[in-house]
Amino acid sequence: MARADSGAIRGGQAVPDLLIAGAGVAGLWLAVKAARAGLSVMLVERGNPGGGASGGFLGALMPHNPERWNAKKDFQFRALVDLEAEITRLEAETGQFCAYRRVGRLLPLTTERARKAALEQVPEARMNWGAGYDFDVNHASDHTRWPDILHTSHGVVRETLSARISPTGLIGALLARLAVMPGIELRFGTAVEDVSPHHRMARLTDGSSVSFGHIALANGVDAFPLIARAAGLPETSLGSAVKGQAALLDAKVDPGLPLVYDDGVYVIAHQNGHVAVGSTSERDFEDAHGTDERLEHVVARARKLCPLIKHAAVIRRWAGLRPRAVGRDPMLGPVPGAPAVLAMAGGFKISFGIAHRMADCLIAGITGIDGPETPQSFSIEWHAAKAARSSTAT
Ligand SMILES: Cc1cc2nc3c(=O)[nH]c(=O)nc-3n(C[C@H](O)[C@H](O)[C@H](O)COP(=O)(O)OP(=O)(O)OC[C@H]3O[C@@H](n4cnc5c(N)ncnc54)[C@H](O)[C@@H]3O)c2cc1C
């Protein structure tokens, strides 16, 4: 196992093999996977674990469309398939419950054009997903008022790959696992302020400095400027925040109901019968964490889409900032010219389904142990090239 600085002492201090910035779903999976691989880890979190975008309650685990297959879709597909076993293992290790369930998904079809496009995807799904998961076009939903018959005038796509999870359940289980793993140091309430790639040193906001073998920047939307700085690029060039608002409804529905997705609106039945509804996608916003009439609009659309929740009371409203990398794909891997600095950001709307596999890629890169291949379009070089192209175009 090629471990940079493993067990090393510098300046009288133990040097973690891996320093991780950010304890969202990305940083927590990475810490667990690193500790399983025998690396020593320091996990630094500015506030509370799960206090960023990972602190919501939607938990949809949905694949990309099966057509125009590419390395990103293949990566996500494999991640979604593997997640079930990953969760089973984590739950067995911790005794915690993540409320994971592969419930499938329904996509209502309201036009002949949409129905035709869906029918064309059926053979693509068979080819790219294999025989284990269905993707078919039915005349109507098997479930009453889920979605409403008015939304299925041209039928409904039913697929069996999608799943849902409790985000807080998963964050709690990952933390519970870390709490009992050897070689882990958790530092909450302090942030990575600056990284010196060549001295392999990070400065924290509590005034301390930490040496590292590798550092992983898994700090959500705030990772982009740190990664850009380490790569010598303009701070705003690699990614941005897209605000999303969601609501939780006290609906008492069957927790086995499939996810429903229609034109940006998600309706997700959770284990306790509550239904999560989302979400807005806002590039421009003043208040990162406030909710407003845009959410009420989403809730109204969700109630129309699934009349089962027509009268369910909203019991929570929430907003968070999704990390969206400039090239739209996740951002994963070493910073060009600074190989000890690793990016793990940009999961945007799919982080809960892929973070465990992103972590496997980074751990493979650090240890030399076999792991999944990182799609080229996830690399920082790829994103930087995209940024350069769009700045020349404007
Ligand atoms: C409304 C909404 C609905 C969503 N629904 C889904 C869904 O259904 N399925 C799905 O897969 N995804 C969904 N997402 C996206 C998903 O929540 C995010 O992609 C994911 O949480 C990002 O995880 P992360 O660990 O990269 O970032 P975060 O969860 O934001 O974690 C980053 C952490 O880093 C900390 N931090 C920041 N700066 C520093 C620093 N300098 N040093 C140390 N710590 C720092 C922050 O405090 C934070 O805790 C949704 C997002 C929103 C907003």
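This tour moves from the whole chain to two groups of paired strands, naming what to select at each stop.

**The whole chain**

Begin with everything displayed, bearing in mind that this is a predicted model. Coloured by secondary structure, the chain shows 8 helices and 21 strands. Its radius of gyration is 21 Å, close to the 21 Å that the globule rule gives for 394 residues, so the chain is as compact as a globular protein of that length. If you orient the view along the principal axes, the C-alpha atoms fill a box of roughly 70 × 45 × 45 Å.

Switching to a surface display, you are looking at an accessible surface of about 16900 Å², with 51% of that area belonging to carbon and sulfur atoms. Beneath that surface, 54% of the 394 residues count as buried, where buried means under 20% relative accessible area. When contacts between residues at least 6 apart in sequence are considered, 72% of them join residues at least 24 apart.

**The sheet of β11, β12 and β13**

Next, select residues 192-196 (β11) and 209-211 (β13), which are the edge strands of an open sheet and each pair on one side only. Add residues 201-204, which form β12, and the sheet of 3 strands is complete, in the order β11-β12-β13 and with antiparallel pairing. Neighbouring strands here are turned by 25° against each other on average, direction ignored.

To look more closely at one pairing, keep β11 and β12 in view: these strands run antiparallel and are joined by 4 bridges. Showing V192 together with L204 picks out one bridge pair, with L204 as the partner in β12. As a reminder while you inspect the backbone, strands of a sheet pair through backbone hydrogen bonds, either parallel or antiparallel.

**From β6 through β16 to β17**

For the parallel arrangement, select residues 105-108 (β6) and 259-262 (β16), where 2 bridges join the strands. R105 is a useful residue to label here, and its bridge partner in β16 is L259.

Now hide β6 and add residues 265-269, which make up β17 and pair with β16 in the antiparallel sense over 3 bridges. Strand β16 therefore deserves a second look from both sides, since it takes part in a parallel pairing with β6 and an antiparallel pairing with β17. Within the β16 and β17 pairing, Y261 stands opposite Y266 of β17.

Which residue of this hairpin takes a positive phi? Centre the view on the 2 residues between the strands and select D263, whose phi is near 50°.

Notes:
Residues are numbered from 1 along each chain as its sequence is written. This is a predicted model: local features need pLDDT of at least 70, side-chain atom pairs count only at pLDDT 80 or more; totals for chains, interfaces and linings use all residues. Side-chain values use heavy atoms; hydrogens and water are left out. Two strands pair if DSSP finds at least two bridges between them. Axes are lines fitted to C-alpha atoms, for helices over the stretch in contact, and angles run from 0 to 180 degrees between N-to-C directions. The radius of gyration is taken over C-alpha atoms; the globule rule is 2.2 Å times the number of residues to the power 0.38. Buried means under 20% relative accessible area, exposed over 50%, partly exposed in between (1.4 Å probe, protein chains only). Contact means heavy atoms within 4.5 Å. Accessible areas come from the Shrake-Rupley method with a 1.4 Å probe; for residues, only the protein chains shown count as cover.
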